[in-house]
2 protein chains.
Amino acid sequence: MRYVARVEVGLKPGHSDPEGETTRAALVELKYPVESVRVSKVYEIVFEAESIGEARVKVEEMCRRLLANPVKDDYRYYVEEVRG
Amino acid sequence: MRYVARVEVGLKPGHSDPEGETTRAALVELKYPVESVRVSKVYEIVFEAESIGEARVKVEEMCRRLLANPVKDDYRYYVEEVRG
């Protein structure tokens, strides 16, 4: 069966976010009164698995092995079956 | 008042996504049966505005002026007041 996972990966609190800081500076330059910007990434992954349980195990593994850096990233996801 | 906007920016359908394709290839290399990966970005922006209406107008402008490329990106957002 086909599943789709939506995985969001962002920096853990306290880690500096250079891309967010650059974006904040650019918005302030444009005269927006911006206090902070944090940037995270969303991966929408379509893949095959035998069951929703196996699908969730695979996504957890993908996060740990490739998508997130355990030292500095937090991640969260949800998985659902692709219908039709 | 302080507001927080969560803005998600991703490629319009049909636009090629090199980062997604690279991620897909890396996951396939790790033996996951992945069909497609799309990558988008989330900006969490804390800023000042006089009202929720003004806050929404500002976020729409930030998207058009800086965060999204109108040729290739779609974007969506929600805005809420920061309490306390």
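This section goes through the two-chain arrangement, the interface and a few residues of a predicted model.

Start with the symmetry. Chain A can be laid on chain B with an RMSD of 0.0 Å, by a turn of 180° and a shift of 0.0 Å along the axis. The two copies are thus related as by a two-fold rotation axis. As for what sits by that axis, A:Lys41 comes closest among the residues of chain A, with its C-alpha at 2.3 Å.

On to the interface. Each side puts in its share: 32 residues from chain A and 32 residues from chain B take part in the contact. Of the interface residues of chain A, 100% are also interface residues in chain B, so the copies meet through the same surface. Put together, chain A and chain B bury about 2900 Å² between them, and 56% of that is on carbon and sulfur atoms. There is polar chemistry here too, with 6 salt bridges found across the interface of chain A and chain B. One of them joins the side chains of A:Arg2 and B:Glu35, at 2.7 Å from N to O. Polar contacts across the interface come to 20 residue pairs, both residues being at pLDDT 80 or more. On the side of chain A that touches chain B, the elements giving two or more residues are β1, α1, β2 and α2 (52-67). The largest share of that side comes from β2(A), with 15 residues.

A:Thr23 gives a close-up of helix α1 of chain A, which spans residues 18-29. The residue counts as buried because its relative accessibility is 11%, under the 20% cut-off. Setting aside neighbours within four places in sequence, A:Thr23 is in contact with A:Val37 in its own chain, and with B:Tyr43, B:Leu66 and B:Leu67 from chain B.

Last come the aromatic rings, which form 4 pairs over all chains. In one of these, the rings of A:Tyr3 and A:Phe47 have their centres 6.3 Å apart and their planes at 40°, so the pair is tilted. This pair ties together distant parts of the chain: A:Tyr3 lies in strand β1 (residues 2-11) and A:Phe47 in strand β2 (residues 34-48), 44 residues apart. Both A:Tyr3 and A:Phe47 are buried. A:Tyr75 and A:Tyr77 also pair up, but as a stacked pair, with 6.4 Å centre to centre and 10° between the planes. Here A:Tyr75 counts as partly exposed at 27% relative accessibility, and A:Tyr77 is partly exposed as well, with a relative accessible area of 26%.

Methods
Residues numbered from 1 in each chain as written. Chains lettered and ligands numbered in written order. Predicted model: local features only at pLDDT ≥ 70, side-chain atom pairs only at ≥ 80, totals over all residues. Heavy atoms only, no water. Helix = DSSP H or I, 4+ residues; strand = E, 2+ residues; numbered from the N terminus. Buried < 20%, exposed > 50% of the residue type's maximum accessible area, 1.4 Å probe, protein only. Contact = heavy atoms within 4.5 Å. Least-squares fit on C-alpha atoms with pLDDT ≥ 70 in both. Phe/Tyr/Trp six-rings, centres within 6.5 Å; stacked < 30°, edge-to-face > 60°. Buried area = accessible area lost by both parts, 1.4 Å probe. Salt bridge = Lys/Arg side-chain N within 4 Å of Asp/Glu carboxyl O. Polar contact = N/O pair within 3.5 Å; in protein donor to acceptor, adjacent residues only side chain to side chain.
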